[in-house]
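Colleague: Before I use this model, I should like to understand the reasons behind the terms applied to it. Would you take me through them, beginning with the sheet?

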Amino acid sequence: MKRFQIVTEADARVLDYGSSIVLASGGHVTPLAADTLRSRRISVVRESGGDDADLVPVSPVRTVAIAGDHSSLTLKAALVAHLRGRGIAAHDLGTNGSDPVDYPDTAAAAARQVARREADAAIVIDGAGLGSTIAANKVPGVRAAMCLNQTLARYAREHNGANVLALGATLVSIDEARAVVDTFLDTPMREPRYIRRLAKIRDLEQRPPG
């Protein structure tokens with residue numbers, strides 16, 4: 001099997017359909033390459049090594065990407081101000097107008113910043129938060145969780161290593177959302193057993209269906 005330190009889209013396109021490759025310890029598959037590997041049913045075998053620690057959400061969080069659809073305007077503006085008030089850099093990716101926009105676009109914009117390590121975490125918002133959760137989770141390397149309260153936010157981070165928080169603008173008040181955001185961002189993930197489970201999630205993400 002061919003061994004890669006990094007797999008790009010160009011690499012993935014020329015691999016044999018249904019073949020297997022080895023990804024070196026600490027190696028990386030680009031998001032576009034991951035899509036091509038899945039479509040070509042190519043299996044990725046990861047070398048064992050100390051790279052599982054890279055799966056742990058960044059803590060402390062210093063930069064947050066935040067995006068939402070047209071239903072998010074009031075809540076998003078309040079959270080951007082809250083984050084900046086805490087000294088956290090907030091990348092406001094929109095939308096900032098009342099014209100309808102599609103939640104897959106806004107959620108993906110924020111999620112991709114986390115996947116590219118341009119942000120330590122992300123917040124995605126739509127009316128109920130569910131659509132943005134689904135969309136964000138399609139970005140390789142992203143683990144998005146929709147949280148209605150602080151308990152879910154703590155579990156999402158500590159147990160599930162979530163790096164994207166989804167919120168429903170119609171389901172939480174601004175004060176509730178601030179509390180959820182603070183819990184999400186301030187909860188670290190340390191337990192080795194939880195990190196081991198993230199590695200299994202990563203492997204599912206890379207494995208072709210079937």
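Modeller: Certainly. This is a predicted model, and its open sheet of five strands has the order β5-β4-β6-β8-β7, with parallel pairing.

Colleague: What makes β5 and β7 the edges of the sheet?

Modeller: β5 (89-92) and β7 (144-146) each have a single partner strand, so one side of each is left without a neighbour in the sheet. Neighbouring strands are turned by 20 degrees against each other on average, direction ignored.

Colleague: How do you know that β6 and β8 pair?

Modeller: Two strands count as paired if there are at least two bridges between them. Strand β6 (residues 121-126) and strand β8 (residues 164-168) are joined in the parallel sense over five bridges, so by that criterion they pair. Within this pairing, Ile125 has Leu167 in β8 as its bridge partner. β4 and β5 also pair in the parallel sense, over four bridges, and Ala65 has His91 in β5 as its bridge partner.

Colleague: Why is β4 described as largely enclosed?

Modeller: A residue is buried when its relative accessible area is under 20%. Six of the six residues of β4 are buried, so the strand is largely enclosed by the rest of the structure. Both faces are covered: Thr63, Ala65 and Ala67 are buried on one side, and Val64, Ile66 and Gly68 on the other.

Colleague: Which helix lies across β4, and which other strands does this helix cross?

Modeller: Helix α4 (residues 103-115) lies across β4 (63-68), β5, β6 and β8, and runs at about 175 degrees to β6.

Colleague: What makes up the largest nonpolar core?

Modeller: This core has 25 residues, and those with the most contacts inside it are Leu79, Leu83, Ile123, Leu165, Leu167, Val181 and Leu185. At least two residues come from each of β4, α3 (73-85), β6, α6 (150-158), β8 and α7 (174-186). The largest share, five residues, is supplied by α7. Val181 touches Leu79, Leu83, Ile123, Leu165 and Leu167, not counting residues up to four places away in sequence. Another core, of 16 residues, lies apart from this one and includes Ala107, Ala111, Val114 and Val164.

Colleague: How do you know that Arg157 sits over the ring of Phe184?

Modeller: The distance criterion is that CZ of Arg be within 6 Å of the ring centre. Arg157 is at 4.9 Å from the ring centre of Phe184 and lies over its face. As for pairs of aromatic rings, the structure holds zero.

Colleague: Why is Thr95 called buried?

Modeller: The relative accessibility of Thr95 is 16%, and the limit for a buried residue is under 20%, so Thr95 counts as buried. Thr95 is found in the loop between β5 and α4. Leaving aside neighbours within four places in sequence, Thr95 is in contact with Gly68, Asp69, His70, Leu73, Lys76, Val101 and Thr106.

Colleague: What makes the peptide bond from Gly94 to Thr95 noteworthy?

Modeller: That bond is cis, with omega near -5 degrees. Most peptide bonds are trans. The bond from Ser59 to Pro60 is also cis, with omega near 0 degrees, and Pro60 lies in the loop between β3 (43-46) and β4.

Colleague: Where do residues other than glycine have a positive phi, and what exposure class do they fall into?

Modeller: Most residues other than glycine have a negative phi. Arg117, in the loop between α4 and β6, has a phi near 65 degrees. With a relative accessible area of 66%, Arg117 passes the limit of over 50% and is therefore exposed. Arg41, in the loop between α2 (31-39) and β3, has a positive phi of about 55 degrees. With a relative accessible area of 37%, Arg41 is partly exposed.

Colleague: Why is Arg154 called partly exposed?

Modeller: Arg154 has 34% relative accessibility. Buried means under 20% and exposed means over 50%, so a value in between is partly exposed. Arg154 is found in helix α6 and, leaving aside neighbours within four places in sequence, is in contact with His159, Thr183 and Thr187.

Methods: Residues are numbered from 1 along each chain as its sequence is written. This is a predicted model: local features need pLDDT of at least 70, side-chain atom pairs count only at pLDDT 80 or more; totals for chains, interfaces and linings use all residues. Side-chain values use heavy atoms; hydrogens and water are left out. Axes are lines fitted to C-alpha atoms, for helices over the stretch in contact, and angles run from 0 to 180 degrees between N-to-C directions. Contact means heavy atoms within 4.5 Å. Rings of Phe, Tyr and Trp (its six-membered ring) pair if their centres lie within 6.5 Å; planes under 30 degrees apart count as stacked, over 60 as edge-to-face and the rest as tilted. A charge sits over a ring if NZ of Lys or CZ of Arg is within 6 Å of the ring centre and within 35 degrees of the ring normal. A nonpolar core is a set of buried Ala, Val, Leu, Ile, Met, Phe, Trp, Tyr and Cys residues joined through side-chain atoms within 4.5 Å. Buried means under 20% relative accessible area, exposed over 50%, partly exposed in between (1.4 Å probe, protein chains only).
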